[in-house]
Amino acid sequence: MDRQIPQDISIRPFDVIVIGAGINGAGIARDAAMRGLKVLLLDKEDVSSGTTQWSTRLIHGGLRYLEHYEFSLVRESLKDREILLRTAPHLVRPLGFLVPIYEYMEHGRVMIQLGMMAYDALSIEKSVERHSIFDRDQTLEREPGLNPEGLKGAAFYYDAQAEYPERIVVENAVSAGDHGAVTLTYAKVDRLIIEDGNVQGVEFEDVLRGGRHTARAPVTINATGPWVDEVLGRMDRYGESEERMIGGTKGSHLIVDPFPGAPQTALYVEARENSRPYFIVPWNGRYLIGTTDIRYEGNLDCVVADDEEIDYLLNETNHVVPEANLTRDDVLFTYSGVRPLPYEPEGAEGSVSRGHIIYDHSEHEPKIGGLFSIIGGKLTTYRNLARETVDAVYEKLGKKVPKSRTDEVPLPGGATEDFEAFSEDFKSESGLTEELSQRLLKLYGVCAPHVLAMAANDPSLKRPLNSPARVETGIIGAEVLYAFRRELAEKLSDVLLRRSMVGLGPHVALDVDEAAAQVAVRHLDWTEEHAEREVKEYRDYVQRFKPKEFRKREPARA
Ligand SMILES: Cc1cc2nc3c(=O)[nH]c(=O)nc-3n(C[C@H](O)[C@H](O)[C@H](O)COP(=O)(O)OP(=O)(O)OC[C@H]3O[C@@H](n4cnc5c(N)ncnc54)[C@H](O)[C@@H]3O)c2cc1C
């Protein structure tokens, strides 16, 4: 869609400008708009195009944070996990985790059992089952693929998974818009406007169409994840010498097809090489293996998994599931991101706190009013972080703080009392195959009928875009239109990677990208040149995933 910047943007009376539409920025924008504030949300790329799309996709208390005595973070996370299970039932689901206990591990049976008990106690109001402890035989009965050598038993517990956190972000941004917020993507903030010691607004560049704009508000929130320092570096009074806030660590993941010995549930394993925990998680019909944790000073706009990280994750997986025998050739694709953690140059990466700080610049030197920066934070706790931030904004504005309602109001796709019943009705009425109905429900929840409504004048938009022989990805044409018309997509990559999610399928959407662009040609007035350019840009972008599909097609690029 050719979305124009509103002509009156520089004089609109916004209450708050949020820079960065990752999970935290979009969550803040939604909560603020729901409480009646006039919000402008800006991102230099698409919504969820930063760290949020590179996470392990777990909505979890963070069992391992107990080791660092971060009880309040675990408690907060477990509370928010329950809220998300309720308010986004289509996107967040319970997932079982088995923790095998081996002789080589630093964390023995007693320690793991104590951790499990604490975890249960901290999630008193949980909807999922309590943990169980298995002996060696019970463990192998459940997961026969596990390496029996040195195995002493296992613990089993429940947490939750968001297969597509990207869609949680999209739904937050859409909901923010429904409550009056203005969201502009591909709007890069390159200056904070400071007058009389206060940030009064921002200057931003329209990345797609060119041109510069200003917007003003008494409060600005820098929710740019690992880019927080970069945005602050552009403040008039900040220079290179200012204190650094973010010290990111890189984490990489591998995606592989189901393999011999693959677990039925998620595995949470302590690595042999460095005692770091990592996950082998059933995800999207395949397995997600990750992650690493390495201090990172490289390019934040293109983070790529190194061969050493790939080998480390493959070796560890092959050790715990010996039949797997995974090689680099089995890797369908990889992805990597940088955790926006508080800057701590010393000590082990894993020990840096995963809690968040809402940094009020008026309370630190050099004192700047009207500006908050968000440091750290997890996917899991975005809602509570947003609540605390909007409370702080109201206080800054000198207004009475209304109560946040994000703990009870579902995200747009979750707006039903009974998601199961809704799903059954949708399946019987949609006229789609069971597989396609399931797919739409999983992605769009109760908005699935609105997606189908895009096909009202062209029934071909209800059919999968890839050839019938490969129904695997299943994206239908209507989703392309829905992404552009309703869900703030501006580019083909937005549609494939952060709306329909086919970009994270086994072929990273290289089998449907052209067909998706053709839907835009037929229905959205894209020219053939525009479509070609978008496909090329998409293919250039996904190079960073090191996709097998490219390695197969063009071996020289592998
Ligand atoms: C490897 C890895 C695994 C993780 N796993 C989990 C997990 O399983 N569970 C969990 O709870 N958490 C997990 N996390 C943590 C979680 O993903 C992040 O803390 C969270 O996504 C951060 O969100 P954010 O909105 O603060 O930042 P981001 O998602 O990075 O969003 C920042 C946004 O700011 C935009 N931006 C930057 N500069 C500008 C500018 N100048 N102008 C306008 N916009 C700008 C960017 O484009 C981006 O969209 C993981 C993180 C990583 C890296």
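In the predicted model, strand 1 (residues 16–19) and strand 11 (residues 219–222) run parallel and are joined by 4 bridges. One of the residues paired in this way is isoleucine 19, whose bridge partner in strand 11 is asparagine 222. Strands of a sheet pair through backbone hydrogen bonds, either parallel or antiparallel.

Strands 1 and 11 belong to an open sheet of 6 strands, arranged in the order 7-2-1-11-19-18. The pairing within this sheet is mixed. Its edges are formed by strand 7 (182–184) and strand 18 (356–360), each of which pairs on one side only. From one strand to the next, the twist averages 15°.

Helix 1 covers residues 23–34. At 1.5 Å a residue, its 12 residues should span 16 Å, and the end C-alpha atoms are 16 Å apart, so the expected span and the model agree. Just after helix 1, glycine 36 takes a positive phi of about 100°.

With buried taken as under 20% relative accessible area, 12 of the 12 residues of helix 1 are buried, and the helix is therefore largely enclosed by the rest of the structure. Among these buried residues are Ile23, Ala26, Ile28 and Met34, as well as Asn24, Arg30 and Asp31. The surroundings of the helix include both strands and helices: its buried residues pack against strand 1, strand 2 (39–42), strand 11 and strand 19 (371–376), and also against helix 5 (165–178) and helix 8 (382–397). Strands 2, 1, 11 and 19 appear in that order in the open sheet.

Technical notes: Residues are numbered from 1 along each chain as its sequence is written. This is a predicted model: local features need pLDDT of at least 70, side-chain atom pairs count only at pLDDT 80 or more; totals for chains, interfaces and linings use all residues. Side-chain values use heavy atoms; hydrogens and water are left out. Two strands pair if DSSP finds at least two bridges between them. Helices (H or I, at least four residues) and strands (E, at least two) are DSSP runs, numbered from the N terminus. Axes are lines fitted to C-alpha atoms, for helices over the stretch in contact, and angles run from 0 to 180 degrees between N-to-C directions. The expected span of a helix is 1.5 Å times one less than its number of residues. Buried means under 20% relative accessible area, exposed over 50%, partly exposed in between (1.4 Å probe, protein chains only). Contact means heavy atoms within 4.5 Å.
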